[in-house]
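Hi everyone, thanks for coming. I'd like to walk you through a structure that will be new to most of you, so let's put it on the screen.

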Amino acid sequence: MAEKLDMFCYQCSQTAGGTGCTVRGVCGKLPTVARLQDNLIFAIKGISAYLYHARELGYVDGEIDAFLERSFYSTFTNVNFDAEDFVKLAIEAGEMNVRTMKLLKKAHIETYGEPEPAKVQTGTVRGHGIIVTGHSLKALGELLKQTEGTGINVYTHSELLPAHGYPGLKKYKHLVGNLGKAWFDQKELFSKCPVAILGTSNCVLMPREEYRARMFTTGPIKLPDVQHIAGYDYTPVIEKARSLPELEEKPGDVVLTTGFSTSTVLSLKDKIKELVEAGKIRHFFLVGGCDSPLRKAEYYREFVQQLPQDTVVITLACGKFRINNLDLGDIEGIPRLIDVGQCNDSIVAIEIAEGLAELFGVGINELPLTIVLSWMEQKAVAILWSLLSLGVKGIYLGPILPAWVNDDILNVLKDNYDLRMIGNPEDDLKEMLNGRLP
Ligand code: SF4
Ligand code: SF4
């Protein structure tokens, strides 16, 4: 097994042996500072992705841009050697990510309307088709406009499932369903579904030969030997879709529900209060985040399957594909599984938690609510720091500890934020329910 390095930095010419500083920097940088710099860079990468999608819709924020410049600058050679300051910067990154997610939410809602709960089919409809994957509502919206009346059906994949909740997108009758699950099933899905494919954001995989010639990318996405479309004229995708065989009519195994906005959920607050006070809702769980093919990620489904009937699960991002085909039913009309959207819609989950805290006259940490987060990439890092910046404690994180977190950093996260790693569903659930009964 490879030896775990204390740090790795090769960003300047002084780097040890011309290959990399791995024990401490030639400049004097210590491993924890190097790792906190990496942590900050990962968080600001996450913020940048959300900012990109807001800018696509014409929404910008100079204060966030200024923070990004300052943060990147702090990681230069010979600028900042102060570990505590990098923890503060990570918290600030969390705050800026909250601001960014709010900006993107505003951009989405002002452009496409506020999401409404929507039933989404998971099968195919007879006819030509295009699968759109990624996060860009702008790209999907433009494609829907351009395909209207052409007879081509449009399907979402993975993180674009929540698009079906937006009035300005679901009004297109040829937006017919969602295929597949989280991002990592795409090679199999795209191979077996002989339609055109458009990748709009992160979480595209290196394509198989079977579908390379019918795949297209747009925005920041590029794949080798895959046609890239700069701008939003998707004529080549449409022509390709027309040239491919028609899909068969094949209903899916399940109908999914998505599109719960802050206002939809909070419009139910009186009923929720009544059910909590009557002991009919015991606990809320936020189970979501990224998904990954790691074996340990099976935890999230097992966890939800073991939840008692008097609990409600809020979910978001592609971690939801582990659980969104479970029929959890409802508690006197309140659904037990509430999908609030993409990973950037963590802001919706935060607003719901703030709304519930206000409703019960307590702080978020006093609510009967436990956050069970799964992370895969850098947007999740930004979201974790957002939750910490809001003072949320006792988050369960999985499926693995981020590799850049050393003991020093872990101790800060445990001591200041009571961060816990997921263990096994039974024990975790016992701990969560015992510790936080209303
Ligand atoms: S910045 Fe410091 S730690 Fe990084 S490569 Fe240069 S000398 Fe090494
Ligand atoms: S939630 Fe994370 S892992 Fe999933 S598609 Fe979005 S960015 Fe990728």
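**A short tour**

Let's begin with charges: a search of the whole structure finds 22 salt bridges, where a salt bridge is a side-chain nitrogen of Lys or Arg within 4 Å of a carboxyl oxygen of Asp or Glu. Before I go on, please keep in mind that this is a predicted model, in which local features need pLDDT of at least 70 and side-chain atom pairs count only at pLDDT 80 or more, while totals for chains, interfaces and linings use all residues. Residues are numbered from 1 along each chain as its sequence is written, chains are lettered from A and ligands numbered from 1 in the order in which they are written, and side-chain values use heavy atoms, with hydrogens and water left out.

One of those pairs is E92 with R70, whose closest N and O atoms are 2.5 Å apart. What does this pair tie together? E92 lies in helix α3 (residues 83-112) and R70 in helix α2 (residues 62-74), so the salt bridge connects parts that are 22 residues apart in sequence. When I say helix or strand, I mean DSSP runs numbered from the N terminus: H or I over at least four residues for helices, E over at least two for strands. E92 is partly exposed at 22% relative accessible area, and R70 is partly exposed at 43%. For these words, buried means under 20% relative accessible area, exposed means over 50%, and partly exposed is in between, using a 1.4 Å probe and protein chains only.

Another pair is R420 with D418, which meet at 2.7 Å, N to O. R420 has a relative accessible area of 26% and is partly exposed, as is D418 with 30%. There is also a network of salt bridges, linking K271, E274, K280 and E332.

Now please find helix α10, residues 269-277. Here E277 forms a salt bridge with K273, with 3.8 Å between the closest N and O atoms. The two residues are 4 apart in α10, so about one helical turn separates them. E277 is exposed, with 58% relative accessible area, whereas K273 is partly exposed at 28%.

Which residues of α10 are buried? They are I272, L275 and V276. These three cover an arc of only 100° around the axis, so they sit on the same side of α10; the arc is that of the directions from the helix axis to the C-beta atoms. On the face turned away from that buried side, α10 carries the exposed residues D270 and E277.

Next, the strands. Strand β2 covers residues 129-133, and 5 of its 5 residues are buried. Looking at its two faces, G129, I131 and T133 are buried on one side, and I130 and V132 are buried on the other. As a reminder, in a regular strand the side chains alternate between the two faces of the sheet.

What are the partners of β2? Strand β3 (residues 153-157) runs parallel to β2 and is joined to it by 5 bridges; two strands count as paired if DSSP finds at least two bridges between them. In this pairing, V132 stands opposite T156. Between the two strands, the chain crosses from β2 through helix α4 (residues 137-147) to β3, in a right-handed β-α-β crossover. Right-handed here says that, with the strands pointing away from the viewer, the path from the first strand over the helix to the second runs clockwise. β2 also pairs in the parallel sense with strand β5 (residues 196-199), over 4 bridges, and there the bridge partner of I130 is A196.

Further along, 6 strands form an open sheet with parallel pairing, in the order β13-β10-β9-β14-β15-β16. β13 (337-339) and β16 (420-421) stand at the edges with a single partner strand each, so one side of each has no neighbour in the sheet. At the β13 edge, 3 bridges join β13 to strand β10 (residues 311-315), and the two run parallel. I314 has I338 in β13 as its bridge partner.

To finish, one residue of helix α1: A54 is found there, and A54 is buried, with a relative accessible area of 0%. A54 and A353 are 299 residues apart in sequence and 24 Å apart in space, C-alpha to C-alpha.

Thanks for listening!
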